[in-house]
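The following exercises are to be worked through with the sequence and the coordinates at hand. Each task is followed by a solution in steps.

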Amino acid sequence: MRTETLILVLAIDRGAGPAPLTEHRTKAAVPFGGKFRVIDFTLANCLHSGLRQVLVLTQYKSHSLHKHLRDGWSIFNPELREFITPVPPQMRESQEWYAGPFDAIRQNRYLIERSRASQILVLDGGAVYRMDYAELVRAHAESKAQITVAVRAVTGRGSGTQARVELAEGERVVGFSRPVPVETSVGGSTADEAERLETMGVYVFDRRFLLEEMTRLEQARRDLGAVVDADLAVDVVAPVAAEHRVVAYRFGQDRGRVTPDRYWCDLASIDAYYQANMALLRAEPPLDLYQADWNIHTYQGQYPPARTVPGATSGNEGIFVNSMLAAGTVISGGGVNHSVLFPKVRVQDGAIVEASILFSGVVVGHGAHLRNCIVEKDVVIPPRTQIGHDLKADRERFTVSEKGVVVVTKIP
């Protein structure tokens, strides 16, 4: 199975994700959970699943992602035909950039053709979850399907970003409907609480079938005289479901080696991103980062251990409560509560950080007070600054989410 599966990880744009955190990086490269990048979860799934022929299709502001792949994921052995290779648009046929997910796959047809793989696993690099892809690929082979679509059960309004799936007997996929944005969907009815199935950006294609489908869509592209920016579920899979075998694979079942926590989040907004990080601080978090045989690999700088020290002026002890502190962080007489701190953060004397996410290299000055904030890397918060206390004033300087999370990308 290791050499029979070629993996394409889509990391080509900002996504619908947490702007302005994607102003200078692709969504897949956004920091998450105190030390990781979002794409680490997808790549760790590949690593633990024993599937190690990975092409990462990149495009939008990809330098940060390319650097992370180089520094953190140069761990596979090419002598064993293992690789993680970033593939920006090669422009082999035209000067066009990737127009969308399927166009990114289409433009790299030559890589699929020269692969010895019998199936192509397509993954969204912008979602956080843990999954044993080996079991998904095995189920695909057992079902003799042309396409297998990973689906997850949702209630209420669902994600608002993923297509809904209709199944017939035997887990056959018979239809899709486009995502209904959460802000426009109708809530409160009994129907909203019924369980439904949604896609999650994970597909297995029979290689030969995928190549044939690309040929068909390429002809449609020529007929239209434009680039086909196809949604994988609605525009590519749905039209062939009636005549070909398309099956669903339910996420979170007992198959596979990873614990079935059934956690999946595509970080579709600042509030979703913030809540996903805050959820990691619960006594029993919905996403288990501590499963010993399914650790999330990433790049880690050679920084000294995190520590607390007394403040130089006040003499007060630095303290932290129910928080994540990454290496290189120093709390000098300040206080941190229910927060996630990435590497090399400094919290100075008398400063207070509450319910906040501080990216690498942030400095919180003497006596400053942050509440419900996300602070971009290397931002220096001036002494005695208060952010997150007066949202009306904060909106004049920063981005503030619908639920009152203040995103500080720079100090005006």
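The sulfur of Cys 265 is 19 Å from the closest cysteine sulfur, which belongs to Cys 46. The model is a predicted one.

**Exercise 1. Cysteines**

Task: Determine how many disulfides the structure holds, and account for the state of Cys 265.

Solution. Step 1: A disulfide requires two cysteine sulfur atoms within 2.5 Å. Step 2: For Cys 265 the closest candidate is the sulfur of Cys 46, and at 19 Å this is too far for a bond. Step 3: The count for the structure is 0 disulfides. Step 4: As to accessibility, Cys 265 is buried at 13%, and Cys 373 is buried at 0%.

**Exercise 2. The parallel sheet**

Task: Give the strand order of the open sheet of 5 strands and identify its edges.

Solution. Step 1: The order is β14-β17-β20-β23-β26, and the pairing is parallel. Step 2: β14 (307-309) and β26 (380-381) each have a single partner strand, so one side of each lacks a neighbour in the sheet. Step 3: At the β14 edge, 3 bridges link this strand to β17 (residues 330-332) in the parallel sense. Step 4: Within that pairing, Val 309 has Ser 332 of β17 as its bridge partner.

**Exercise 3. The mixed sheet and Leu 391**

Task: Describe the open sheet of 6 strands, then state which residues Leu 391 contacts beyond its neighbours within four places in sequence.

Solution. Step 1: The strands follow the order β16-β19-β22-β25-β29-β28, with mixed pairing. Step 2: The edges are β16 (324-325) and β28 (399-400); each has a single partner strand, so one side of each is left open in the sheet. Step 3: β28 and β29 run antiparallel and are joined by 2 bridges, with Val 400 bridged to Val 406 of β29. Step 4: Leu 391 lies in helix α9 (residues 391-395) and is partly exposed at 27% relative accessibility. Step 5: Its contacts outside those sequence neighbours are Val 400, Gly 404 and Val 406; Val 400 and Val 406 are also the bridge partners of Step 3.

**Exercise 4. Helix α8**

Task: Decide whether helix α8 is mostly covered or mostly open, and name elements that cover it.

Solution. Step 1: Of the 10 residues in α8 (residues 270-279), 8 are buried, and the helix is mostly covered. Step 2: Among the buried residues are Tyr 273, Tyr 274 and Met 278. Step 3: The covering elements include β19 (340-341), β22 (357-358), β25 (373-375) and β29 (406-408), four strands that appear in the order of the 6-stranded sheet.

**Exercise 5. Nonpolar cores**

Task: Characterise the largest nonpolar core and the surroundings of Tyr 129.

Solution. Step 1: This core has 65 residues, and Phe 32 and Tyr 129 have the most contacts inside it. Step 2: Helix α1 (residues 39-49) supplies the largest share, 6 residues. Step 3: Tyr 129 touches, among others, Phe 41, Leu 123, Met 200, Phe 251 and Trp 264. Step 4: A separate core of 40 residues includes Leu 10, Ile 105, Val 149 and Ala 248.

**Exercise 6. Arg 25**

Task: Establish whether Arg 25 is buried or exposed, and list polar contacts of its side chain.

Solution. Step 1: Arg 25 sits in the loop between β1 (5-11) and β2. Step 2: With a relative accessible area of 7%, Arg 25 is buried. Step 3: A polar atom of its side chain lies 2.8 Å from the backbone oxygen of Leu 21. Step 4: The side chain of Arg 25 also makes a polar contact with that of Glu 376, at 2.8 Å. Step 5: Residues touching Arg 25 include Val 30, Tyr 60, Phe 359 and Lys 377.

Note on methods. Residues numbered from 1 in each chain as written. Predicted model: local features only at pLDDT ≥ 70, side-chain atom pairs only at ≥ 80, totals over all residues. Heavy atoms only, no water. Buried < 20%, exposed > 50% of the residue type's maximum accessible area, 1.4 Å probe, protein only. Pairing = 2+ DSSP bridges. Contact = heavy atoms within 4.5 Å. Core = buried A, V, L, I, M, F, W, Y, C linked by side-chain atoms within 4.5 Å. Polar contact = N/O pair within 3.5 Å; in protein donor to acceptor, adjacent residues only side chain to side chain.
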